[in-house]
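Me: I would like to go through this structure slowly, asking for each term why it applies and what value supports it. Could you set every value against its definition before you conclude?

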Amino acid sequence: MHEPNSQSESSTRHWQALEAHYQRLKNTPLSQLFAINPLRAQHFSVEFSGLFLDYSKQSFDESAFHSLIELAQTSGLEQRRDAMFQGNPTNSTEQRTVLHTALRNPDGEDLVVDGIDIRALVKKEQERLAVFANGIRQGTIKANDGGPFTEILNIGIGGSDLGPKMAVEALRPFAQEDLRFHFLSNPDTPALHAVLREIDPERTLVLVSSKTFTTQDTLANFSSVRQFLAQGLGGDEAAMRHCVALTASPQTAIHQGFAPECVFEFWDWVGGRYSMWSAIGLPILIAIGSAQFNAFLDGARAMDQHFLSAPLNANMPVLLALTGIWNHSVALDRSVMMAAYDSRLQFFTPYVQQLDMESNGKHVDHSGSPLTRPSGPIVWGGLGINGQHAYFQLVHQGTQRVPVEFIGVLKAPDQDSEHQRIVFSNMLAQAEALMVGRSREHIKAEMIEQGYAEDHAESLANHRSFAGNIPSTTLLVEALTPFNLGALAALYEHKIFAQGVIWGVNSFDQWGVELGKVLGKTIYDELRSEPKQDEHDSSTQALIARVFNALR
């Protein structure tokens, strides 16, 4: 398909208009924008399917917002969105279709790509996965000794770890209580042995999650876990009866000893960071069961349909994307902080980090030309109240502006209203404090009123004041159900895609990680045998020698 030119005359004109809006508004306090438009909170908010997004604390006004919508329209967002859902080769550098959305809609309209019925393919594998997961949950699929599996160990890294781990933790109240879940990603020895100390070989089912089944980190961890199982179960054959492969390379997994009936497939058109809807989501399916997993898919599909059909000015993923475009590419903020005020979302920020930074951390457009504006902000953060006692200080009084995305969950299982009042009073207060700040004059007058001497108040006023005017969005989730979590995850997928289209980048490749892998293989061989001389810079050479000597 024809790729849009991100440097087109029309696009340039819209960017220039936005830059003019920013110059006009950059010294306007956010509180003044609310005073100008008393209905601002109503105008700059949107609600869909258990999610409510308030973006009124962003630093644009109605005129600038209109220009953002025009930029989105000019970028070809709607056309590229539709093309992705239809199975056109959206990943331009690898000539691949991008169809993770098809995993959420196996009963939808026919979708045939290169002569393959995608819907039928997905439905068949989902039925296999459901039968297997139900067998584990009900104890009809048994361990070697005839007992049930009660420990589920997922071995994977990147998208094969972050999405499933995030969802299993977020949906823990819906999980079967007699099952324990473990996730092993890093291949370092402490991580491996921390997991091995937790599991009983006789009760453990191992899920090995790898798209290519060549990932060094994952295979190294699996090799050690396989040996651990073999020692506990009386041999490798018995160990492999406790192991399942989740992969886009099923023959490679079978060649490594997995029984064909224990290999579950996904496909080349499913990117790793978009794969928890596929076989990679088997830990989630085992945890919450088929009915709730289907609700998880339903929530994502509902957000898909909203993204496809809602007008841009009422489209939640697009609106979230445009706030980031304004902050990162117009105001030139370098990062965005995510602050979730629910401990069940403790892994949500790392999940979005990979989704966003691996997708849009690019420096050239589709044609290979250098970008003229920054793409891909640094995404960081974590649990909000913890952050208030850690890095919020920098956000309030540091030397760079950091926009914030707040996420709160209104209803919790076994809810204690007093605890939830504390949570939400903190979240809402932080958003307001970031916006209004505290002036030097106000602080000085307040201190004098409290009895401080004027010269003491004068000397401390600068230290205790902060400018405010820091933009934020607030996303409220009605309840953290499988349906709403599916919608939330899909919201961020589509937000990131929309930003990639506007920046003109390919959000579905990740060539930047390749060189590290290539060099890693070379250094690994040296650490196993003998460091080579003059193969690296002096720093790397000396570090290799030091590590080699420590590991002999």
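Me: What makes the residues that line the largest pocket nonpolar, polar or charged, and how many belong to each class?

Reply: The class depends on the residue type alone: Ala, Val, Leu, Ile, Met, Phe, Trp, Tyr, Cys and Pro count as nonpolar, Asp, Glu, Lys and Arg as charged, and the others, Gly among them, as polar. Sorted in this way, the lining of the largest pocket holds ten nonpolar, 20 polar and ten charged residues. Please keep in mind that this is a predicted model, in which local features need pLDDT of at least 70 and side-chain atom pairs count only at pLDDT 80 or more, while totals for chains, interfaces and linings use all residues. Residues are numbered from 1 along each chain as its sequence is written, and side-chain values use heavy atoms, with hydrogens and water left out.

Me: Why is one space called a pocket and another a cavity?

Reply: Rolling a probe the size of a water molecule over the atoms shows where empty space is left. On a 1 Å grid over the protein atoms alone, a cavity is a set of points where a 1.4 Å probe fits but cannot get out, whereas a pocket is an open set with protein on both sides within 12 Å along at least five of seven lines, and lining residues have an atom within 4 Å of a point. Grid points are joined across faces, edges and corners, and the volume is the space filled by probe spheres set on the points. By this reckoning the largest pocket contains about 1200 Å³ of space. It is lined by 40 residues, of which Thr215, Gln510, Val513, Glu514 and Lys517 are the closest to its centre.

Me: Which helices each supply at least two residues of that pocket's lining?

Reply: Helices (H or I, at least four residues) and strands (E, at least two) are DSSP runs, numbered from the N terminus. Under that numbering, α9 (216–233), α14 (348–360) and α21 (514–528) each give at least two residues to the lining of the largest pocket, and α21 has the largest share with six.

Me: How many cavities does the search find, counting those of 30 Å³ or more?

Reply: Five cavities reach that volume in the whole structure, and the largest cavity holds about 140 Å³ of space. It has 16 lining residues, and the closest to its centre are Thr323, Gly324, Asn327, Val336 and Glu405. The most residues in this lining, four, come from α13, and by class the lining has five nonpolar, eight polar and three charged residues.

Me: How do you know whether α9 is straight or bent, judging by its span?

Reply: The expected span of a helix is 1.5 Å times one less than its number of residues. For the 18 residues of α9 that comes to 26 Å, and because its end C-alpha atoms lie 25 Å apart, the two values agree. Just after α9, Gly234 takes a positive phi of about 90°.

Me: What does the comparison give for α12?

Reply: Helix α12 (residues 282–309) has 28 residues, and a straight helix of that kind would reach 40 Å, yet its end C-alpha atoms are only 30 Å apart. The bend at a residue is the angle between axes fitted to the seven residues ending there and the seven starting there, and α12 has a kink of about 120° centred on Gly289.

Me: Why is Asp304 called buried?

Reply: Buried means under 20% relative accessible area, exposed over 50%, and partly exposed in between (1.4 Å probe, protein chains only). Asp304 has a relative accessible area of 2%, so it counts as buried. This residue sits in helix α12, where 20 of the 28 residues are buried. Contact means heavy atoms within 4.5 Å, and, leaving aside neighbours within four places in sequence, Asp304 is in contact with Phe85, Thr101, Arg104, Ala490 and His494.

Me: Is His389 buried or exposed, and what makes it so?

Reply: His389 has a relative accessible area of 71%, and therefore it is exposed. His389 lies in the loop between α15 (384–388) and α16 (392–397).

Me: How do you know how Leu475 should be classed, and where does it lie?

Reply: Leu475 is buried, because its relative accessible area is 2%, and its place is in strand β13 (residues 472–479). Its C-alpha atom is separated by 4.6 Å from that of Leu53, although the two are 422 residues apart along the chain. Not counting residues up to four places away in sequence, Leu475 touches several others, including Leu51, Phe52, Leu53 and Phe406.
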